[in-house]
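Okay, everyone, thanks for coming. I'll put the structure up first, and then we can walk through it together.

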Protein chains: 2
Amino acid sequence: MGEWDLVDFLRQRAPSGARVPIGIGDDTALVRCSDQGALVTVDMLMDGVHFCLDQTRPERVGAKALGVNLSDIAAMGGSPDAAFVALCLPRQSFDSLARPLMEGLINAAGEFGVVVAGGDTNTWEGPLVISVTVMGTPHTRGPVRRSGAQSGDFIFVTGNLGDSLGGRHLDFTPRVREVKAILDRVPLTAMIDLSDGLATDLRHILAASGVAGVLDRDHIPLAPGLNNLSREDALKRALTDGEDFELCFTLAPAAAQDLLRNNPIAIPLTPIGRIIPGAGLHWGHDSSPLEEIAWVGYQHI
Amino acid sequence: MGEWDLVDFLRQRAPSGARVPIGIGDDTALVRCSDQGALVTVDMLMDGVHFCLDQTRPERVGAKALGVNLSDIAAMGGSPDAAFVALCLPRQSFDSLARPLMEGLINAAGEFGVVVAGGDTNTWEGPLVISVTVMGTPHTRGPVRRSGAQSGDFIFVTGNLGDSLGGRHLDFTPRVREVKAILDRVPLTAMIDLSDGLATDLRHILAASGVAGVLDRDHIPLAPGLNNLSREDALKRALTDGEDFELCFTLAPAAAQDLLRNNPIAIPLTPIGRIIPGAGLHWGHDSSPLEEIAWVGYQHI
């Protein structure tokens, strides 16, 4: 299967849709956008760094490469529309790799209504590299940025934390549907997805918003896979595991109460702390910080 | 310089603009689009395949990685707006590579008014891989696709062909300004950029449009670098050299005459042949095919 066969495969199999009047087969695609504009994100995954092809089926790699981007779109409060896939495929395994990789990606795209609108395929002697760009539409409330957290806000997370090393990093559900249901009900002030660990990612919200955070040790929702660890070790995993792909967001107290009374999604929504004036991330209760949290999450470089 | 320093570098140095109200520093960017939508393209370049870092300054690699995408936007008749850059950097040369690579890209972006709106930076033990996604705005006449060539149309190319191996592939000007000037004057029926060689790229137009092409051997504009070759060898280079990054387009006879009388750009515009009914690419004169052209351009895989 040469490059043009892969293009043909994609043209026949990739989901299409009205948002992409020109897809695979021209020099560029044409993607329609809302009046607000398009949310755009790109993530590159490499064999041996973000996955290990000798331990992972290519279908899951393709699904992950799309999913990490869908999680970014969700973290801005948006819905994904179109994906573009750039590949370096190892020449010697092209035949066995290209098709299942793209099938995994295409199936994940279909699940979330995403059009595979274009890409670039290359081969080389090196390991697999896959870079996916996803475009999406903001919620009608507008994009939710990192910089809007206000003193007094509640800090929430979706789902449970700390199971990335247990396999979640290859088997997560980007919170696209959940964020729509949440924003349909209440406005959020800031949001990020947990790709580098809560301790690192929440600090991005705090720094961008110019505020401090207080987390309650007793309220961090721990993944069942952490049950065999000590409470301290489990908490550390929950705050520093790299790839939970849950959402962390902040919202005003009245919105928080509304959301707690009427959880619009099928997974847990947990208030884990509060925003206060100042800087840094602290353990404490309600708005009272007790000690600075020393843990940090995953560092890319 | 770790990942966050590179992000800071980009945030300070990357060109910004009103089309990108949210750029580097959130989970996604927000890019405004025209009512027609956004043109979107992605190209991935690898060390040892598309460039050789031991022979090429990183600044030129950064400029090429953007330029190949600008050429794709130009080939649809559009103007580029925003770029997203995904990188795998070799860990041992991160310090010497990251900054000049991005400076080359940022300078090229500035030259064409492109906002560097986001990206993803990774390190590994492998060679440099750079994947750039560019979004653009179609000309008010609408996107120029590959599929619109009509029997009777003229086939034109911009500039001279065949000098890619002589160094053009690292030192080309994407025809962004030229295509705007051309479309401001006349409508085009089909277009492609010459990234795989005229023989291959023009065949994409012919296949997508369901027509045949006749090229006049005496009208192919040969790059000065081919002067020391025989006419036949020079023609072969002009038709099969991979990366000229000139534009090949088709247009109706009246538009062609207008363009020849009033060339609106500072480089040659050359009518090299005609579109006729049928299939395939032929040598001939005017609308009379004489023999099928056997040469093909660069094959990626």
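**A walk through the two chains**

Let me start with one pair of residues: H282(B) stands opposite E292(B), which sits in strand β12(B). That pair belongs to a longer ladder, where strand β11 of chain B, residues 280-285, is joined to β12(B) by 4 bridges, and the two strands run antiparallel. If strand pairing is new to you, here's the background: strands of a sheet pair through backbone hydrogen bonds, either parallel or antiparallel.

Before I go on, please keep in mind that this is a predicted model. How confident is the predictor? For the complex, the predictor gives an ipTM of 0.94 and a pTM of 0.95. For chain A, the average pLDDT is 93, and 98% of the residues score at least 70.

Okay, back to chain B. What is the order of the strands in the sheet of 7? Reading across, we get β7-β9-β6-β10-β8-β11-β12, all in chain B, in an open sheet with mixed pairing. Now, β7 (190-193) and β12 (288-292) of chain B are at the edges; each has a single partner strand, so one side of each has no neighbour in the sheet. From one strand to the next, the twist averages 35°. There's a helix on this sheet too: α5 of chain B, residues 198-209, packs on it and touches β7, β8 (212-215), β9 (247-251) and β11 of chain B. The direction of α5 makes about 150° with that of β7(B).

Next, the sheet I like for this talk, because of who takes part in it. Its 5 strands come in the order β4(A)-β3(A)-β5(A)-β2(A)-β1(B), so chain B adds a strand to a row of strands from chain A; the sheet is open and the pairing is mixed. Which strands stand at the edges? Those are β4 of chain A and β1 of chain B, each with a single partner strand, so one side of each is left without a neighbour in the sheet. Here the twist averages 20° from one strand to the next. Helix α2(A) packs on this sheet, touching β2, β3 and β5 of chain A, and its direction makes about 35° with that of β5(A).

Let's zoom in on β3(A). Is this strand mostly covered or mostly uncovered? It's mostly covered, with 12 of its 13 residues buried. β3(A) pairs with β5(A) through 10 bridges, running antiparallel, and with β4(A) through 9 bridges in the parallel sense. You can see both pairings at A86(A): it stands opposite S131(A) in β5(A), and its bridge partner in β4(A) is D120(A). Along the β5(A) side you'll also find S79(A) opposite T137(A).

Now for the place where the chains meet inside that sheet. β2(A) is joined to β1 of chain B, residues 29-31, by 3 bridges, and these strands run antiparallel. One of the pairs to look for is A38(A) with V31(B).

How many residues take part in the contact between the chains? Chain A gives 53 and chain B gives 52. On the chain A side, the elements that each supply at least two residues are β1 (29-31), β2 (38-46), α2 (58-75), β3 (78-90), β4 (115-124), β5 (129-138) and β7 (190-193). By class, that side has 28 nonpolar, 15 polar and 10 charged residues.

And how do the copies relate? Rotate chain A by 180°, with 0.0 Å of shift along the axis, and it superposes on chain B with an RMSD of 0.0 Å. The two copies are therefore related as by a two-fold rotation axis. In chain A, the C-alpha nearest that axis belongs to C33(A), 3.1 Å from it. The same surface serves both copies, as 96% of the contact residues of chain A recur in chain B.

One last stop, in chain A. I182(A) lies in helix α4, residues 176-185. Why do we call I182(A) buried? Because it has 28 other C-beta atoms within 10 Å, and the cut-off for buried is 20 or more. Leaving out residues up to four places away in sequence, I182(A) touches L259(A), P264(A) and I265(A). Take L259(A): it is 77 residues from I182(A) in sequence, yet the two are 7.8 Å apart in space, C-alpha to C-alpha.

Key: Residues are numbered from 1 along each chain as its sequence is written. Chains are lettered from A and ligands numbered from 1 in the order in which they are written. This is a predicted model: local features need pLDDT of at least 70, side-chain atom pairs count only at pLDDT 80 or more; totals for chains, interfaces and linings use all residues. Two residues are in contact if their C-beta atoms, placed from the backbone, lie within 7 Å. Ala, Val, Leu, Ile, Met, Phe, Trp, Tyr, Cys and Pro count as nonpolar, Asp, Glu, Lys and Arg as charged, and the others, Gly among them, as polar. Two strands pair if DSSP finds at least two bridges between them. pLDDT is the predictor's confidence in each residue, from 0 to 100. Axes are lines fitted to C-alpha atoms, for helices over the stretch in contact, and angles run from 0 to 180 degrees between N-to-C directions. Copies are superposed by least squares on the C-alpha atoms of residues with pLDDT of at least 70 in both.
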